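Hi there,

Here is the structure we talked about passing along. Please have a look at it first, and then read on for my notes.

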Amino acid sequence: MSKRTLIYSAIAVCILGLLLFSKTLRYAWYAFSSSSNKTMVRIYIPNNATSPDSIAAILIRNQILDDATGFLAVGAYKKCTAQTTAAGMYEIAPNTALRHLWNGFTRNAMGNGNAEKTVKVSFENCRSLNDLAGKLAMQLELDSAAFIAYIQNGKTLQRLGFSLEQMPALFIPNTYELYWDQSPADFVGRMAQEFKNFWTSERKAKLQQVGLQSPSEAVTLASIVYSEQSVRKEEWPIIAGLYLNRIKQGIKLQSDPTFKFCWGDALKGVGRLLAVHRDIDCPYNTYKIKGLPPGPIYLPPVGVVDAVLNPGQHDYIFMCAKPDHSMTHNFTASGAVHLKNATAFQHWLDIGQP
C-alpha cells in the first residue's frame, strides 16, 4: 500500500470518527433535553400515526414540544420507526427527557407502549349492539362499523358459541379499564373473559333452579324485566318471578317492550300504542310467540340478571302500572283483578294524569 493511500485511509477514518462522534454528541445533547409542558398532559396516538413525524406533530400540537428537531434526532439515533412504537393513550409528565418519551412509546412484547395507559370505558343504557358500538366509538379508537362487522362474523359467533340474536348477552354493562387503541377482537375477547368470570358455577346452578337453560336466556329475561321497570329496583325480583311463572305455566309473556322492540325507532314520539302495533309479526313479539324471544332486547345491568336468578316467590302472572306517578305496578294472579287494575290505569291516562 502506498504512502498516499495510507494517508487517505487515515483521513477517512478520522472523518468517519468525527461524524460518529458528532452524531453521538448530538444525541447526548438532545437526549437530556426535556419536554416543554409544565403540567401532566394526556395524548392519544392513533394506530395510523405511530411514525416519528406523526408522533412529533401530536406532541407539538399538545404543547409538549416546541419543535420536533431534538425529538426526531433522538428517535433516529434509537432507530425508532412506525413499527417499533405503539399507538394508545399516554400521560406525559412535565419536563420529561426526550429519551424517556421514546422509551415510553416503544412497543413491548405485549404489543403496547411501555408507558401506555388504560382508559375507563363504560357502557350502559344500550338497547342494541348498534347502541353499544356507538358508545364504544366515543371512548375508544374503535370504528363502530368494524366492531359490528366483527361480531356478526360467522367465525366470531361460532368461537363464542352465540347466535347473532344472543350476542348482546355477552356484553355486561360496567366500567372497564381498557387500552384506548384496542381492536374489535381485543375488546370482544375481554368481554368474553368478563362473561366467563360473571357466570360462576353458583350462577349457573341457579339457572337450572329457575328453569332456564343458558346464560343468554337469563339475560334475555333480564332485558325484558329492565325494559318494564328501569327505576324501581325493588320490583325486579317480583317481575322476574311473574314472567318465570308464565313460562312454567305455558302462558305467553305478553310484554309490551318486546313488541316495541320489533318496531325499532318507528314508535318514537307515538302517543298511546294501538292493537295494530301489538299485532306485528316478529320473533321478539311475546304477544305472538310463546316463551322467551331469541335474544335480549336490552343490555341489562347485572343487578337485573341476579334478580332473574333470585326471583320473588309468588303466584303473580299479571302486572299493570299503578294509576299514579309512583312508577310502580299492581301485581296479581287474578285475571279479574288485573282487568280492574288495567281499567283504572286507562282511566287515569284518559283524564290527563293528574
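Below is what I found, going from confidence to core, empty spaces and one histidine.

Please keep in mind that this is a predicted model. The average pLDDT of the chain is 91, and 90% of the residues reach at least 70. The stretch to be careful with is residues 12-21, where the pLDDT is below 50 and the model shows 0 contacts beyond near neighbours in sequence. Where pLDDT is low, the predicted coordinates should not be read in detail.

Now to the inside of the protein. The largest nonpolar core has 63 residues, and F123, F147 and F171 are the members that touch the most others in it. Helix α10, spanning residues 215-228, is the top contributor to this core, giving 7 residues. If you would like a residue to centre your view on, try F171: leaving out residues up to four places away in sequence, F171 is in contact with F123, L129, L132, F147, I151, F187, V188, M191 and L299. There is also a second core, separate from that one, with 21 residues, among them V41, I45, A56 and I92.

Next, the empty spaces. Rolling a probe the size of a water molecule over the atoms shows where empty space is left. How many cavities of 30 Å³ or more does the structure hold? The count is 1, and the volume of the largest cavity is about 60 Å³. Around the largest cavity you will find A169, F171, I172, P173, F198, W199, V219, P300, V302 and V305. By class, that lining consists of 10 nonpolar residues, with no polar and no charged ones. F171 thus turns up both in this lining and among the best-connected members of the largest core.

The second largest pocket has a volume of about 250 Å³. It is lined by 15 residues, and those closest to its centre are S128, L129, L164, P168 and F261. Two elements, α5 (129-139) and α6 (144-152), each supply two or more residues to the lining. The mix here is 10 nonpolar, 3 polar and 2 charged residues.

Finally, a histidine. H277 sits in helix α13, residues 275-278. Is H277 buried or exposed? H277 counts as buried, because its relative accessibility is 12%. Apart from residues up to four places away in sequence, H277 touches F259, W263, L267 and V270.

Happy to go through any of this with you.

Best wishes

Note on methods. Residues are numbered from 1 along each chain as its sequence is written. This is a predicted model: local features need pLDDT of at least 70, side-chain atom pairs count only at pLDDT 80 or more; totals for chains, interfaces and linings use all residues. Side-chain values use heavy atoms; hydrogens and water are left out. pLDDT is the predictor's confidence in each residue, from 0 to 100. Contact means heavy atoms within 4.5 Å. On a 1 Å grid over the protein atoms alone, a cavity is a set of points where a 1.4 Å probe fits but cannot get out, and a pocket is an open set with protein on both sides within 12 Å along at least five of seven lines; lining residues have an atom within 4 Å of a point. Grid points are joined across faces, edges and corners, and a volume is the space filled by probe spheres set on the points. Ala, Val, Leu, Ile, Met, Phe, Trp, Tyr, Cys and Pro count as nonpolar, Asp, Glu, Lys and Arg as charged, and the others, Gly among them, as polar. A nonpolar core is a set of buried Ala, Val, Leu, Ile, Met, Phe, Trp, Tyr and Cys residues joined through side-chain atoms within 4.5 Å. Buried means under 20% relative accessible area, exposed over 50%, partly exposed in between (1.4 Å probe, protein chains only). Helices (H or I, at least four residues) and strands (E, at least two) are DSSP runs, numbered from the N terminus.
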